[in-house]
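Visitor: Could you pick a single part of this structure and take me through it closely, then show me what surrounds it? I'd like to follow along residue by residue.

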Amino acid sequence: MSRDLGLRRLHGLRGTRGTRRTVLVAASATALALTASGCVVVHGEREVLPAATRAEAAEALKEFTAAYNAADKAYDSSLDADRTTGALADIDGARLKAGKVNHPDGNPSHAPLELTDAKFTIPAKAGWPRWFLADTAANKGGDVRWLLVFTRDALDDPWEVAYLTLVSPDDVPEFKKDKDGWAEAVPANSADVAVAPGELSQKYTAYLKDGGDGFAEGPHTSGWRDARKQKSVRPGLATQYIDEPLVNGDYAPLALRTADGGALVFFTTRHFEKQTAAAGASVPTPNEDVLALTSGEIGQSLTMQFVSNEVALDPAEGPVDVLGRIQGLTSAKGE
């Protein structure tokens, strides 16, 4: 199945999505324990603990949805700033900024997002961040599942959504779980998968530039490279690309162990696209949302910056399969 999830309108379901299992990763925290002698703090940086209880996960999903809807209705990113982070904060924050410029009184097309039938995959792990995956149905996008990765860096921090993607119900992978139902987080430096999760962003951006055989063919690998080649040679308009890995802090990859021994990895990249018109000509005027995020005067060139989050199946052996990608314009500069 293949469909697009637009660059900045995640709630409108436009952008880029994979044709196969568009999967996700999961996530987040807890640190108090009771003993017969009283309440004792368990050090989350050392103890292997479930990231959250299922009740905590359900409450985090409820709070995110309320904040997201408030921000979308008002086109005000401050209303969900403490509920989003990383790639999602960049992508959706830019969407809200553009919306506010073009519709100062709020979103005339607002329809509240409803997330239901939630299923939680919660890994047990030591250290921060803690994180978990929420797999939900929604009132937008038909029968696809909305997968949201919640994360936090300390016990007192609010749960924030770092990554969001949509998948077919049949494409959610089976994860490895222990006897109590807790999932397994795959470390960034894991050597038992084809590419260590911490290296995947760098490997992917290198592939987009030079190609190679480390990734399976698909719309987000060979297909994306082919589309770029076709776009770069349009008469009168040259297009250049620069791709950068994002691997630190809130952009760090998150990975879950799959039942077959591989890993499902969620990671982030940044992309620049520069359009340059032939001498004496101007770059075609972009739409109002791009204009709202553009500094400078658009003349002979326009450079756009995008943030993208990808989901990849990283097997024990063989090529990495990039299953899905959601990308959003975050800024632009005209010259």
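Guide: Happy to! Let's begin with leucine 147, which stands opposite threonine 165 in β8. This is a predicted model, in which local features need pLDDT of at least 70 and side-chain atom pairs count only at pLDDT 80 or more, while totals for chains, interfaces and linings use all residues. Residues are numbered from 1 along each chain as its sequence is written, and side-chain values use heavy atoms, with hydrogens and water left out.

Leucine 147 belongs to strand β7, residues 145–152. Strands here are DSSP runs of E with at least two residues, helices are runs of H or I with at least four, and both are numbered from the N terminus. β7 is largely enclosed by the rest of the structure, because 8 of its 8 residues are buried. Buried means under 20% relative accessible area, exposed means over 50%, and partly exposed lies in between (1.4 Å probe, protein chains only). Arg145, Leu147, Val149 and Thr151 point one way from the strand, Trp146, Leu148, Phe150 and Arg152 point the other way, and all of them are buried.

Now for the partners of β7. Strands of a sheet pair through backbone hydrogen bonds, either parallel or antiparallel. Two strands count as paired if DSSP finds at least two bridges between them. β7 and β8 are joined antiparallel by 7 bridges. Strand β6 (residues 130–138) also runs antiparallel to β7, with 7 bridges between them. Tryptophan 146 in β7 is the bridge partner of threonine 136. β6 and β7 make a hairpin with 6 residues between them, and glycine 141 in the turn has a positive phi of about 90°.

Just ahead of β6, there is a backbone detail to look for: the peptide bond from tryptophan 128 to proline 129 is cis, with omega near 0°. Proline 129 is in the loop between β5 and β6. Tryptophan 128 also has arginine 130 over the face of its ring, at 5.3 Å from the ring centre. For a charge to sit over a ring, NZ of Lys or CZ of Arg must be within 6 Å of the ring centre and within 35 degrees of the ring normal.

Phe150 of β7 leads us to the aromatic rings. One aromatic cluster is formed by Phe64, Tyr68, Phe120, Phe132, Phe150 and Trp159. Rings of Phe, Tyr and Trp (its six-membered ring) pair if their centres lie within 6.5 Å; planes under 30 degrees apart are stacked, over 60 edge-to-face, and the rest tilted. Searching the whole structure gives 9 aromatic pairs. One of them, phenylalanine 64 with tyrosine 68, is tilted, at 5.8 Å centre to centre and 35° between the planes. Both residues lie in helix α1 (residues 54–74), 4 residues apart, about one turn of the helix. An α-helix has 3.6 residues a turn, so residues three or four places apart point the same way. Phenylalanine 64 counts as buried at 3% relative accessibility, and tyrosine 68 is buried at 5%.

β8 brings in another aromatic pair: tyrosine 163 and phenylalanine 266 meet edge-to-face, 3.8 Å centre to centre and with 75° between the planes. This pair links distant parts of the chain, since tyrosine 163 is in strand β8 (residues 160–167) and phenylalanine 266 is in strand β13 (residues 263–277), 103 residues apart. Tyrosine 163 counts as buried at 0% relative accessibility, and so does phenylalanine 266, at 0%.

α1, β8 and β13 come together in the surroundings of helix α2: the buried residues of α2 pack against these three elements as well as α5 (288–292), β15 (301–314) and β16 (321–334). Contact here means heavy atoms within 4.5 Å. The buried residues of α2 include Leu88, Ile91, Arg95 and Leu96. Helix α2 (residues 86–102) has 17 residues and reaches 25 Å from its first C-alpha to its last, close to the expected 24 Å, which is 1.5 Å times one less than the number of residues.

One last stop is the loop between α1 and α2, where you will find tyrosine 75. Tyrosine 75 has a positive phi of about 50° although it is not a glycine, and it is buried, with a relative accessible area of 4%.
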